[in-house]
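Visitor: I should like to be guided through the side-chain interactions of this protein. Where might one begin?

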Amino acid sequence: MAIQLISDLHLSQERPDINDIFLRYLKGPAQQAEALYILGDLFEAWLGDDMVLPEYQPLISALKTLSENVPLYIMYGNRDFLMREGFEEMTGCKLLDEETVIDLYGTPTLLMHGDTLCTDDVAYQEFRKMVRNPAWQDDLLSKTPEERLALARKLREISKTETQGKQEAIMDVNQQAVEDVMQSHRVQQLIHGHTHRPAQHDFSLAGQPAHRIVLSDWYQSGSMLVCDETGCHTEKLS
Ligand code: LP5
């Protein structure tokens with residue numbers, strides 16, 4: 001048995017081929033998992049548990065079916081931070097804190113989405129503060145579905161323009177932020193997504209070997225990290 005980790009699927013009606021890969025994954029390889037961890041941005045946009053977009057329905061039903069056999073855990077990304085108890089009920093996924101330490105076959109491992117590690121992206125961190133404010137979210141959730149969709153579209157437009165104007169380096173993690181959060185949780189291993197720069201980084205932390213694994217997005221094809229007693233490796237999904 002092995003633990004599987006995925007992130008940054010950005011499921012949406014714009015990429016039906018990726019939705020199909022996800023459905024095949026849930027009915028196939030995911031059935032073999034000891035547990036499945038989804039580290040954020042499962043959906044392109046989650047606009048509230050009370051307005052599930054029709055294209056998400058089969059994906060949600062497939063998650064619920066899988067949850068009858070496999071423990072499912074999920075954390076928010078920067079696109080789906082409006083998931084609440086309703087989402088847990090409809091999918092069988094348990095929402096995790098945004099910094100969660102698990103015992104990965106004897107190695108304490110910190111799981112994160114990864115956006116908070118991009119501390120050089122000051123504009124994003126300010127934006128994040130705004131949208132993570134409970135009052136802002138309550139106000140948003142009181143709006144009609146049409147208003148929420150319009151706002152989400154507007155935010156996507158702004159974000160696309162903004163990211164095109166940013167240097168690549170500032171949209172990556174800040175190494176000091178990585179080390180600070182790892183030390184605060186007393187771990188030597190971190191797994192996260194968000195940056196869309198899949199890699200395994202080795203470095204030294206407090207004089208000991210440390211390891212940061214960045215998960216792949218699902219823009220071109222599916223991908224999962226598989227971890228067992230022997231270590232972690234990436235497998236492509238199609
Ligand atoms: O998403 P991605 O990977 O392209 O870029 C991210 C950061 N951008 C975001 C914004 C999201 O893309 C917007 C998503 C909207 C859908 C979900 C919303 C659900 C609820 C809302 C509606 C119901 O996260 C981007 C980072 C990049 O990652 C790399 O880390 O740089 O950050 C930005 O682009 C933020 C800008 O720099 C600052 C934006 C200021 C916007 C101020 C808006 C004011 C309100 C306007 C209302 C119309």
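The conversation below concerns a predicted model and takes up charged pairs, aromatic rings and cysteines in turn.

Visitor: How many salt bridges does a search of the whole structure find?

Guide: The model is a predicted one. A pair counts when a side-chain nitrogen of Lys or Arg lies within 4 Å of a carboxyl oxygen of Asp or Glu. By that criterion, a search of the whole structure gives a total of twelve.

Visitor: Which residue meets Glu44 in a salt bridge, and how many residues apart are the two?

Guide: The side chain of Glu44 meets that of Arg79, with 3.2 Å from N to O. Glu44 belongs to the loop between β2 (33-38) and α2 (57-67), whereas Arg79 belongs to the loop between β3 (72-74) and α3 (85-91). Both residues are buried. The partner is therefore Arg79, since 3.2 Å falls within the 4 Å limit, and the pair links distant parts of the chain, 35 residues apart.

Visitor: Where does the salt-bridge partner of Lys166 lie, and is that partner buried or exposed?

Guide: Lys166 forms its salt bridge with Asp121, at 2.8 Å from N to O. Lys166 is in the loop between α6 (145-164) and α7 (175-184), and Asp121 is in the loop between β6 (107-111) and α4 (122-131), so that the pair links distant parts of the chain 45 residues apart. Like Lys166, the partner Asp121 is buried.

Visitor: Into which accessibility class do Lys143 and Asp139 fall?

Guide: These two residues form a salt bridge, and the closest N and O atoms of Lys143 and Asp139 are 3.8 Å apart. The relative accessible area of Lys143 is 29%, and that of Asp139 is 43%. Because the intermediate class runs between 20% and 50%, Lys143 is partly exposed, and Asp139 is likewise partly exposed.

Visitor: Which residues are linked with Glu98 in a network of salt bridges?

Guide: The network contains acidic and basic side chains, as a salt bridge requires Asp or Glu on one side and Lys or Arg on the other. Besides Glu98, its members are Asp115, Arg128 and Arg132.

Visitor: Why does the ring pair of Phe22 and Tyr25 count as tilted?

Guide: There are ten aromatic pairs in the count. In one of them, the rings of Phe22 and Tyr25 are 6.4 Å apart from centre to centre, with 35 degrees between the planes. Planes under 30 degrees apart would be stacked and those over 60 edge-to-face, so the remaining class applies. The pair is accordingly classed as tilted, at 35 degrees.

Visitor: What separates Phe22 and Tyr25 along the helix, and are they buried or exposed?

Guide: Phe22 has a relative accessible area of 0%, and Tyr25 has one of 1%. Both values lie under 20%, so Phe22 and Tyr25 are buried. The two residues are three apart in helix α1 (residues 16-27), which means a separation of about one helical turn.

Visitor: Which residues form one aromatic cluster with Phe43?

Guide: At 0% relative accessibility, Phe43 is buried, and Tyr56 is buried at 2%. The rings of Phe43 and Tyr56 form a tilted pair, with centres 4.2 Å apart and planes at 35 degrees. Both residues lie in the loop between β2 and α2, so the pair ties together parts 13 residues apart in sequence. The cluster that includes Phe43 is completed by Trp46, Tyr56 and Phe87.

Visitor: Is Arg148 buried or exposed?

Guide: Arg148 lies in helix α6. Leaving aside neighbours within four places in sequence, Arg148 is in contact with residues including Leu47, Asp50, Met51 and Lys143. Its relative accessible area is 4%, and Arg148 is therefore buried.

Visitor: Which cysteines does the disulfide join?

Guide: The structure holds one disulfide. Its S to S distance is 2.2 Å, and the link is right-handed, with 110 degrees about the S-S bond. Cys227 is buried at 0% relative accessible area, whereas Cys232 is partly exposed at 24%. The joined residues are Cys227 and Cys232.

Visitor: How far away from Cys93 is the nearest cysteine sulfur?

Guide: Cys93 is buried, with 2% relative accessibility. A disulfide needs sulfur atoms within 2.5 Å, and Cys93 is in no disulfide. The nearest cysteine sulfur, belonging to Cys227, is at a distance of 18 Å.

Key: Residues are numbered from 1 along each chain as its sequence is written. This is a predicted model: local features need pLDDT of at least 70, side-chain atom pairs count only at pLDDT 80 or more; totals for chains, interfaces and linings use all residues. Side-chain values use heavy atoms; hydrogens and water are left out. Helices (H or I, at least four residues) and strands (E, at least two) are DSSP runs, numbered from the N terminus. Buried means under 20% relative accessible area, exposed over 50%, partly exposed in between (1.4 Å probe, protein chains only). Rings of Phe, Tyr and Trp (its six-membered ring) pair if their centres lie within 6.5 Å; planes under 30 degrees apart count as stacked, over 60 as edge-to-face and the rest as tilted. Contact means heavy atoms within 4.5 Å.
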